[in-house]
Amino acid sequence: MELPMLREARCTDCGDCVPICPTDCLAMKGGMPWLARPRACVGCGACALVCPTDAITMQEWGGDLGGAMALPKSDSNDSSTITDY
Ligand code: SF4
Ligand code: SF4
């Protein structure tokens with residue numbers, strides 16, 4: 001399943017990706033979008049499409065989603081890591 005990944009350096013904190021989500025699984029936290037309800041994400045890509053700066057990309061993720069997590073950071077050292085909050 002594909003999940004949204006955030007390229008932090010491109011994010012302008014506009015928040016446009018949050019209300020577009022059809023399953024209401026994104027929230028803003030610390031000025032960045034946060035995948036607050038990862039199990040609710042259906043991988044539709046709407047958040048990536050609406051982002052005016054292409055800060056969100058959809059990438060395959062096969063790991064355990066666990067509890068509430070940050071959007072994976074594609075510009076971090078380990079792009080495959082979802083950060084636990
Ligand atoms: S991919 Fe779709 S369901 Fe998942 S966070 Fe983005 S808008 Fe929401
Ligand atoms: S729409 Fe893009 S620039 Fe705006 S908060 Fe979301 S990821 Fe950041």
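The legends below describe close-up views of a predicted model.

**Figure 1. The whole chain and its order of elements.** Two helices and four strands make up the chain. Read from the N terminus, these elements follow the order β-α-β-β-α-β. The chain has 85 residues, and 24% of them are buried. Among contacts in the chain with a separation of 6 or more, 58% join residues 24 or more positions apart.

**Figure 2. Confidence along the chain.** The average pLDDT of the chain is 79, and 73% of the residues score at least 70. The pLDDT is below 50 over residues 76–85. Beyond near neighbours in sequence, this stretch has 15 contacts in the model.

**Figure 3. The surroundings of ligand 1.** Ligand 1 is surrounded by 13 residues. The closest of these are Cys21, Cys41, Cys44, Ala46 and Cys47. Sorted by class, the shell around ligand 1 holds 10 nonpolar and three polar residues, with no charged ones.

**Figure 4. The surroundings of ligand 2.** There are 14 residues around ligand 2. Those that come nearest are Cys11, Cys14, Cys17, Cys51 and Ala55. The shell around ligand 2 consists of nine nonpolar, three polar and two charged residues.

**Figure 5. The hairpin of strand 2 and strand 3.** Strand 2 covers residues 26–29 and strand 3 covers residues 32–35. The two strands run antiparallel and are joined by four bridges. Leu26 has Leu35 as its bridge partner in strand 3, and Ala27 stands opposite Trp34. Two residues lie between the strands of this hairpin. Gly30 takes a positive phi there, near 60°. Gly31 is also placed in the loop between strand 2 and strand 3. Gly31 counts as exposed because it has 10 C-beta neighbours inside 10 Å, and a residue is exposed if that number is 12 or fewer. The C-alpha atoms of Gly31 and Cys14 are 8.7 Å apart, while the two residues are 17 apart along the chain.

**Figure 6. The largest nonpolar core.** This core has 13 residues. Cys17, Leu26, Leu35, Cys47, Cys51 and Ile56 have the most contacts inside it. Strand 1 (residues 2–6) and strand 3 each supply at least two residues of the core. Leaving aside residues up to four places away in sequence, Cys17 touches Leu26, Pro33, Cys47, Val50, Cys51 and Ile56. Several names recur from the earlier views: Cys17 and Cys51 are among the residues nearest to ligand 2, Cys47 is one of the closest to ligand 1, and Leu26 and Leu35 are bridge partners.

**Figure 7. Arg10 and its contacts.** Arg10 is placed in the loop between strand 1 and helix 1, which spans residues 17–20. Arg10 counts as partly exposed because it has 15 C-beta neighbours inside 10 Å; this class lies between the limit for exposed residues, 12 or fewer, and the limit for buried ones, 20 or more. Not counting residues up to four places away in sequence, Arg10 touches Thr53, Asp54 and Ala55. From C-alpha to C-alpha, Arg10 and Cys51 are 9.9 Å apart in space, and they are 41 residues apart in sequence.

**Figure 8. Asp13, a residue with a positive phi.** Asp13 is in the loop between strand 1 and helix 1. Its phi is near 65°, a positive value in a residue other than glycine. Asp13 is exposed because 11 other C-beta atoms lie within 10 Å.

**Figure 9. Asp54, in the loop between helix 2 and strand 4.** Helix 2 spans residues 46–50 and strand 4 spans residues 56–60, with Asp54 in the loop between them. The phi of Asp54 is near 55°, and this too is a positive value in a residue other than glycine. Asp54 is exposed, so few C-beta atoms surround it: 10 others lie within 10 Å. Asp54 is also among the residues that Arg10 touches.

Technical notes:
Residues are numbered from 1 along each chain as its sequence is written. Chains are lettered from A and ligands numbered from 1 in the order in which they are written. This is a predicted model: local features need pLDDT of at least 70, side-chain atom pairs count only at pLDDT 80 or more; totals for chains, interfaces and linings use all residues. A residue is near a molecule or strand if its C-beta atom, placed from the backbone, lies within 6 Å of it. Ala, Val, Leu, Ile, Met, Phe, Trp, Tyr, Cys and Pro count as nonpolar, Asp, Glu, Lys and Arg as charged, and the others, Gly among them, as polar. Two strands pair if DSSP finds at least two bridges between them. A nonpolar core is a set of buried Ala, Val, Leu, Ile, Met, Phe, Trp, Tyr and Cys residues joined through C-beta atoms within 7 Å. Two residues are in contact if their C-beta atoms, placed from the backbone, lie within 7 Å. pLDDT is the predictor's confidence in each residue, from 0 to 100.
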